[in-house]
Amino acid sequence: MPFLKGARLFDIPIRYLTLRKGINYLKYMKDVKSRRVVTSSYPPDITFQASAYCNTNCRLCPVGLGIKGPPKGFLSLESFKKVIDELKDVLIKITFADWGEPFLNPDIFDMIRYAEENKVITHASTNLHWFKNEDDLRKLSESGLSFLTISLHGITQETYGLYQPGKDFETTVEKIKTLVAQKKGSRKPVIYITFAITKRNQHELEHMNQFTESLKARSTIYTASLNLRFHPTNTWKDLVNNWAQEGKSNLGVEGFIEKKGICNVYEAIRRGTRVSFTELDELGLSYKHLCQDPWRILVVNWNGTISLCCVDYWKYEMGNIYEEPVKKIWNNERYQAVRKYLLGQLPDKDVDFPCKACIHC
């Protein structure tokens with residue numbers, strides 16, 4: 001099921017699961033397997049862009065790099081409730097993430113409570129920089145949030161500072177310790193610390209699980225995406241040489257998620273003097289490896305528009321929750337066109353959505 005990777009079954013209380021949700025999920029699996037263009041199911045998973053603003057400058061993120069994107073703002077509680085009310089009978093999980101720090105939104109804790117009250121699993125991704133003291137952290141520990149992912153990407157100041165320049169590693173670690181202590185034996189939120197493996201931190205890889213366990217949290221360790229799609233193709237080689245991990249990526253570490261698509265893209269770039277989206281497609285490294293997102297998940301942006309997925313920084317609009325219901329958007333002409341394209345039923349010349357320039361990784 002579309003739970004957070006690494007989540008264990010007993011972390012998901014039975015109160016979240018209903019017969020109708022189970023039936024919808026089985027229909028989703030059948031829709032994917034049978035490659036249905038018009039689905040019989042609705043998305044069991046939604047990402048909400050609670051905030052389009054961020055308070056850090058991660059070196060591999062378009063927001064942190066200052067790459068110009070769409071207008072920024074905060075998701076309103078009204079917009080959030082509108083979507084939950086429409087889909088709560090089939091919705092299993094929501095995630096607060098997507099090119100911004102969700103806890104900058106002043107309504108975020110009301111959103112978490114509303115979803116949990118409606119038996120929807122909540123997951124949020126954060127850098128923890130918004131939380132300034134124990135009272136701030138207590139709001140989080142007592143919010144009812146199911147899962148929390150904390151971005152760290154290093155276990156020393158040196159590696160942490162390379163990814164998030166100007167941020168203090170020990171300050172963030174102390175916040176994690178305080179948050180864990182405030183749980184007082186409660187399962188919620190289940191805390192994950194994430195490490196995106198790059199050339200800059202891979203020497204620490206074999207110690208990351210041990211470090212996370214010392215904080216009484218869990219690890220999510222994975223091959224880093226360098227977000228190549230946001231950079232000119234003639235800069236890809238420098239980006240790969242400076243950041244992409246080298247050699248065997250897993251180094252025998254249990255729980256490591258190796259994204260083979262990313263690794264193959266990096267190797268293709270290292271081998272060639274110039275690699276374009278077209279050439280990656282010819283190598284079998286583009287969108288034509290079936291992406292399940294248009295069958296499984298949608299993104300609700302801060303302004304009520306709907307996007308295909310969380311990698312779409314420029315926010316191609318699939319619909320608007322204030323113009324038509326989400327269930328109607330889900331099988332509208334644009335969604336059908338995207339599904340046809342991913343199934344090889346629509347030629348490139350008829351495509352303007354972001355899948356055409358998406359690297360499969």
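These notebook entries record what I looked up in a predicted model.

**Entry 1: helix α1**

I began with helix α1, which covers residues 19-33. I noted that α1 has 15 residues and reaches 21 Å from its first C-alpha to its last, close to the 21 Å expected at 1.5 Å a residue. I then looked up burial along this helix. The buried residues of α1 are Lys21, Asn24, Tyr25, Tyr28, Asp31 and Val32. Viewed down the axis of α1, these buried residues fall within an arc of 115°, so they line one face of the helix. On the other side of α1, I recorded Leu19, Leu26, Lys30 and Lys33 as exposed. I also asked what covers the buried residues of α1, and found that the cover includes α11, residues 293-296. Just after α1, Arg35 takes a positive phi of about 55°.

**Entry 2: Lys27**

I stayed with α1 and selected Lys27, which is found in this helix. Is Lys27 buried, exposed or partly exposed? Its relative accessible area is 38%, so I entered Lys27 as partly exposed; the buried class ends under 20% and the exposed class starts over 50%. Leaving aside neighbours within four places in sequence, I found Lys27 in contact with Ser40 and Ser41. I also looked up the separation of Lys27 from Thr39, which lies 12 residues apart from it along the chain. The C-alpha atoms of Lys27 and Thr39 are separated by 8.3 Å.

**Entry 3: helix α6**

I turned next to helix α6, residues 169-183. This helix has 15 residues and reaches 22 Å from its first C-alpha to its last, close to the 21 Å expected at 1.5 Å a residue. In α6 I recorded Phe169, Thr172, Val173, Lys175, Ile176, Thr178, Leu179, Val180, Gln182 and Lys183 as buried. What covers the buried residues of α6? I found that the cover includes the helices α4 (134-141), α5 (157-163) and α7 (205-214), together with the strands β4 (147-151) and β5.

**Entry 4: the loop after α6**

I followed the chain into the loop between α6 and β5 (190-197), where Pro189 lies. A cis peptide bond joins Lys188 and Pro189, and I noted an omega of about -10°.

**Entry 5: helices α8 and α9**

I examined how α8 (residues 236-243) and α9 (residues 260-271) are placed. Their axes come within 9 Å and cross at roughly 115°. I recorded the crossing of α8 past α9 as left-handed. Which residues meet here? From α8 I listed Trp236, Lys237, Val240 and Asn241, and from α9 Tyr266, Ile269 and Arg270. The residues of this contact divide into 4 nonpolar, 1 polar and 2 charged.

I then took α9 by itself. It has 12 residues and reaches 16 Å from its first C-alpha to its last, close to the 16 Å expected at 1.5 Å a residue. The buried residues of α9 are Gly261, Ile262, Cys263, Val265, Tyr266, Ala268 and Ile269. I found that these buried residues pack against strand β6 (218-223) as well as against α8 and α10 (277-282).

**Entry 6: Leu60**

I looked up Leu60, which is found in the loop between β1 (45-48) and α2 (77-87). Its relative accessible area is 2%, so I recorded Leu60 as buried. Leaving aside neighbours within four places in sequence, I found Leu60 in contact with Tyr163, Thr198, Ser225, Leu226, Asn227 and Trp243. I also checked Leu60 against Leu239, 179 residues apart along the chain, and noted that their C-alpha atoms are separated by 9.5 Å.

**Entry 7: positive phi in two loops**

I closed with two residues that have a positive phi although neither is a glycine. Trp99 has a phi of about 55° and is found in the loop between β2 (93-96) and α3 (108-117). Is Trp99 buried or exposed? With a relative accessible area of 13%, I entered Trp99 as buried.

Lys315 has a phi of about 65° and lies in the loop between β9 (305-307) and β10 (319-320). At 14% relative accessibility, I likewise entered Lys315 as buried.

Terms used. Residues are numbered from 1 along each chain as its sequence is written. This is a predicted model: local features need pLDDT of at least 70, side-chain atom pairs count only at pLDDT 80 or more; totals for chains, interfaces and linings use all residues. Side-chain values use heavy atoms; hydrogens and water are left out. Axes are lines fitted to C-alpha atoms, for helices over the stretch in contact, and angles run from 0 to 180 degrees between N-to-C directions. Helices (H or I, at least four residues) and strands (E, at least two) are DSSP runs, numbered from the N terminus. A crossing is left-handed if the near helix is turned anticlockwise from the far one by less than a right angle, and right-handed if clockwise. Contact means heavy atoms within 4.5 Å. Ala, Val, Leu, Ile, Met, Phe, Trp, Tyr, Cys and Pro count as nonpolar, Asp, Glu, Lys and Arg as charged, and the others, Gly among them, as polar. The expected span of a helix is 1.5 Å times one less than its number of residues. Buried means under 20% relative accessible area, exposed over 50%, partly exposed in between (1.4 Å probe, protein chains only). The arc is that of the directions from the helix axis to the C-beta atoms.
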